[in-house]
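User: Please take one part of this structure and examine it closely for a first-year student. Explain each term as it arises, and then set that part beside others in the chain.

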Amino acid sequence: MTILMAVIALMVLASFLYHGSAYWAWVVPGAVGLGWWASRGGWEAPTPFVVVAGVFGLAALGFGIPAFRSRLVSWWILRVLKPILPRIGETERVALEAGTVWWDGDLFSGDPDWRKLLAFTPKPLSDEERAFLDGPVEQVCGMLKEWDIVQAGDLSPEVWEFLKRQGFLGLIIPKEHGGLGFSAIGHSAVITKLASRSVTAAVTVMVPNSLGPAELILHYGTDEQKRHYLPRLARGEEMPCFALTGPEAGSDAAATQSVGIVCRGTYRGEEVLGMCLTWRKRYITLSSIATVIGLAFRLRDPDKLLGGEEDLGITCALIPADCPGIEIGERHDPMGVPFHNGPTCGNDVFVPLDVIIGGRDLAGQGWRMLMESLAAGRSISLPSLAVASAQLATRVVGAYGTVREQFDTPIGRFEGIEEPLARIGGLTYTMNAARVLTAGAVDAGQRPAVPSAIVKAYLTEAMRDVVNDAMDIRAGAAIMRGPRNILAHSYQAVPIGITVEGANILTRSMIIYGQGAIRCHPYVQEEMHAAAENDVARFDRAFFGHVGFVASNAFRAFWLGVTNGRFVRAPIGGGASQYFGRLTRMSAAFALVSDAAMGTLGGKLKRREKITGRLADALAWMYLGSATLKQFVDQSQPRRDICFVQYACEDALFKIQTALAGVLDNLPNRPAAWALRPLVFPLGARYRPPSDRIGAAVARELLEDREARLGLTADIYIPAEDEPGLGRLEAALDHAVNAIAVETKIRDAVRAGRLDRAPGDVLLEQALDAGIITAGERQQVLDADEIRDEVIQVDSFGPEAFHTLRH
């Protein structure tokens with residue numbers, strides 16, 4: 001009892017620390033505690049209350065006065081902790097400082113402010129953006145047929161000209177520079193719709209509008225660079241690529257061996273101070289047709305011609321592709337998706353210093369440029385591509401599950417099909433919610449480094465899951481390539497989205513939690529800075545605030561675990577309100593486990609990538625669960641969507657729980673793990689995957705509720721009904737739905753014994769003769785059967801045609 005009461009008293013004091021209570025809040029309890037202790041005989045009568053009062057009093061007076069605390073203990077704690085705190089190199093420091101802390105900071109706090117999230121209003125599409133989607137985007141989608149593009153190995157000249165003329169290559173370039181000046185959500189909507197029709201066209205448009213010359217010039221370029229390049233890029237007169245990855249520097253891009261040496265030389269007939277560049281790059285999208293190469297390289301000045309350091313660092317420059325010494329034009333073949341991608345090399349390429357983005361003043365600032373741009377840029381392109389694939393798959397299987405019949409039953413009615421249908425519906429809802437929320441953050445002026453890494457990695461992984469499930473449902477029709485195959489090109493593109501802009505393995509295991517733990521935590525970064533500067537007073541404030549933060553989260557995690565978050569005040573009512581409390585519970589548990597991992601492993605944590613990967617899983621699924629609830633509330637909680645929200649939130653909670661349990665199971669400091677488990681899971685790991693009941697409800701919505709299916713797939717292109725593939729499948733669905741009532745009457749008549757069982761056409765004639773159906777109803781069934789037979793067919797090729805296919 002004495003120990004328990006002492007622990008409670010110390011936790012109360014820790015809470016004072018966390019909330020920054022004033023001196024009087026310490027001195028009064030301290031004086032009272034010591035007074036009680038003395039009046040009861042001090043150590044001469046050590047009852048539990050007396051001991052606790054003494055401990056409480058000493059701790060309150062000792063830790064409540066910062067000047068005393070700093071001299072008594074903080075200097076010693078700093079001395080002990082400084083060697084084990086993670087050491088941050090310059091490239092890591094730049095990466096950590098890139099971007100801003102947003103909702104991810106709330107999730108790290110253990111007590112997210114849900115009202116703040118729900119009060120945030122993402123910027124809607126403008127009238128101009130909607131007109132562009134309904135006009136030029138719709139028009140170019142009608143010009144695109146991915147099968148034909150794959151066989152030709154490129155977009156048609158007509159499509160290329162249309163993309164340039166209509167401004168697709170200048171979506172992000174402001175109007176004053178000749179671009180369209182679209183918002184992040186407008187940019188995302190264009191990519192989503194394009195990608196649902198053609199991955200090749202989408203990637204072609206993504207790259208000039210993503211991390212590359214236009215983005216870098218816009219934010220860091222000189223006025224002259226902006227005047228010269230931005231209008232040309234917007235009109236497609238200049239075709240950009242950005243060369244970062246090389247054979248020696250993939251995920252570790254800062255280790256590039258591409259080098260520039262400051263020297264004097266002749267450039268286009270004039271002797272100038274410039275750089276002699278040598279590089280080998282690969283996997284560079286649009287490089288084979290680029291006219292200007294954005295190049296990342298390490299700049300050196302061995303002769304000190306610039307008067308500063310010899311190693312200036314990573315630098316970004318704009319290199320005209322026609323410079324002598326440049327090799328360009330060869331192509332890679334990325335999984336058979338024929339967007340332009342290839343290697344580029346440069347040998348002794350001399351250019352003037354004014355090709356450096358931002359001019360010579362920004363020499364050596366390339367890594368900062370890239371990290372800051374990536375913090376926002378990853379929020380748009382690949383998440384939009386992933387959502388496009390998911391919505392397309394949802395649209396396809398929702399129709400196919402009704403149209404395709406086996407054993408005289410639509411295949412969507414079988415529980416074996418219900419299961420992947422439910423995963424598809426739940427994930428697609430969450431993916432689009434995260435896309436919209438994160439783009440909204442960018443439009444609000446945030447550079448959400450951690451959320452952008454989350455949506456890049458976890459939405460492309462979800463794309464893999466959704467497309468794989470859709471392929472399983474389509475079965476044989478999914479694996480036979482040809483114009484009728486709707487999903488093959490999305491399937492081929494899955495590894496591309498997972499690999500580029502930071503491979504998902506790296507993003508999950510190193511970047512998300514590595515950045516989040518330092519940037520989003522309320523105290524860690526301050527502790528590290530204070531330790532590096534030997535600032536005891538600053539360290540004292542951060543460290544003891546951190547101690548109180550841990551104690552507060554330990555208490556909250558335990559209480560929320562016992563109550564399952566029931567007493568957290570939800571910001572809204574309705575069928576999804578309970579999930580706010582449950583995610584708050586997981587946030588408190590995550591914050592506690594995260595601090596335990598950092599506290600017990602110190603600087604070694606960044607090398608324990610299995611643990612940081614699981615912590616990234618927990619953080620990511622909290623973010624995705626938050627986005628799900630945000631979208632549901634923003635759309636006024638439509639009744640038809642409640643099953644999607646329930647499925648998504650139950651799935652997210654189970655994955656968060658699994659991740660945190662995995663950390664505790666594998667934390668090297670076993671006593672710490674044993675002590676944490678009853679705090680994090682006081683009643684055990686109680687969350688389960690979405691139930692069969694919820695999954696069945698999701699599947700039914702996709703199959704039976706037209707509005708739910710259309711709402712879930714509202715951002716993609718739907719071709720005309722006479723086009724093979726999705727167009728004909730949509731038409732077949734309409735016919736099948738129209739025939740359901742007639743087919744139901746016939747089945748009921750068979751069950752009642754009014755009709756004998758017989759093959760379809762015979763049974764149809766018997767029903768007509770018996771007066772069970774009319775001639776018009778008979779024709780409805782015949783029309784449905786005819787188009788159903790058409791859409792389940794697959795492509796085949798003669799021997800000569802087959803040998804000419806591009807595989």
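Analyst: **Helix α32 and its salt bridge**

Within helix α32 (residues 775-791), R788 and D785 sit 3 residues apart, about one turn of the helix. The model is a predicted one, in which local features need pLDDT of at least 70 and side-chain atom pairs count only at pLDDT 80 or more, while totals for chains, interfaces and linings use all residues. Residues are numbered from 1 along each chain as its sequence is written, and side-chain values use heavy atoms, with hydrogens and water left out. Helices (H or I, at least four residues) and strands (E, at least two) are DSSP runs, numbered from the N terminus.

R788 and D785 form a salt bridge, with their closest N and O atoms 2.8 Å apart. The term denotes a side-chain nitrogen of Lys or Arg within 4 Å of a carboxyl oxygen of Asp or Glu. An α-helix has 3.6 residues a turn, so residues three or four places apart point the same way.

The two partners differ in their surroundings: R788 counts as buried because its relative accessibility is 9%, whereas D785, at 32%, is partly exposed. Here buried means under 20% relative accessible area, exposed over 50%, and partly exposed in between (1.4 Å probe, protein chains only).

R788 is one of the buried residues of α32, which are E777, V781, A784, I787, R788 and V791. Around the axis they cover an arc of only 140 degrees, so they lie on the same side of α32; the arc is that of the directions from the helix axis to the C-beta atoms. On the other side of the helix, A775 and E786 are exposed. The cover over the buried residues includes α16 (381-403), β8 (405-406), α30 and α31 (760-769), where contact means heavy atoms within 4.5 Å.

The length of α32 can also be checked. At 1.5 Å a residue, its 17 residues should span 24 Å, and its end C-alpha atoms are 25 Å apart, which agrees. The expected span is 1.5 Å times one less than the number of residues.

Other salt bridges offer a comparison. The whole structure holds 34 of them. In one, the side chains of R197 and E723 meet at 2.7 Å, N to O. R197 belongs to helix α11 (residues 184-197) and E723 to the loop between α29 (706-712) and α30 (726-751), so this pair ties together parts that are 526 residues apart in sequence. Both R197 and E723 are buried.

Another bridge joins the side chains of E526 and R538, at 2.6 Å from N to O. E526 lies in helix α22 (residues 524-532) and R538 in helix α23 (residues 536-563), so the parts tied together are 12 residues apart in sequence. E526 is partly exposed because its relative accessibility is 31%, while R538, at 17%, counts as buried.

Helix α25 (residues 609-634) may be set beside α32 as well. Its 26 residues should span 38 Å at 1.5 Å a residue, and the end C-alpha atoms are 36 Å apart, which agrees. Of these 26 residues, 22 are buried, so α25 is largely enclosed by the rest of the structure. After α25 comes S636, whose phi is positive, near 65 degrees.
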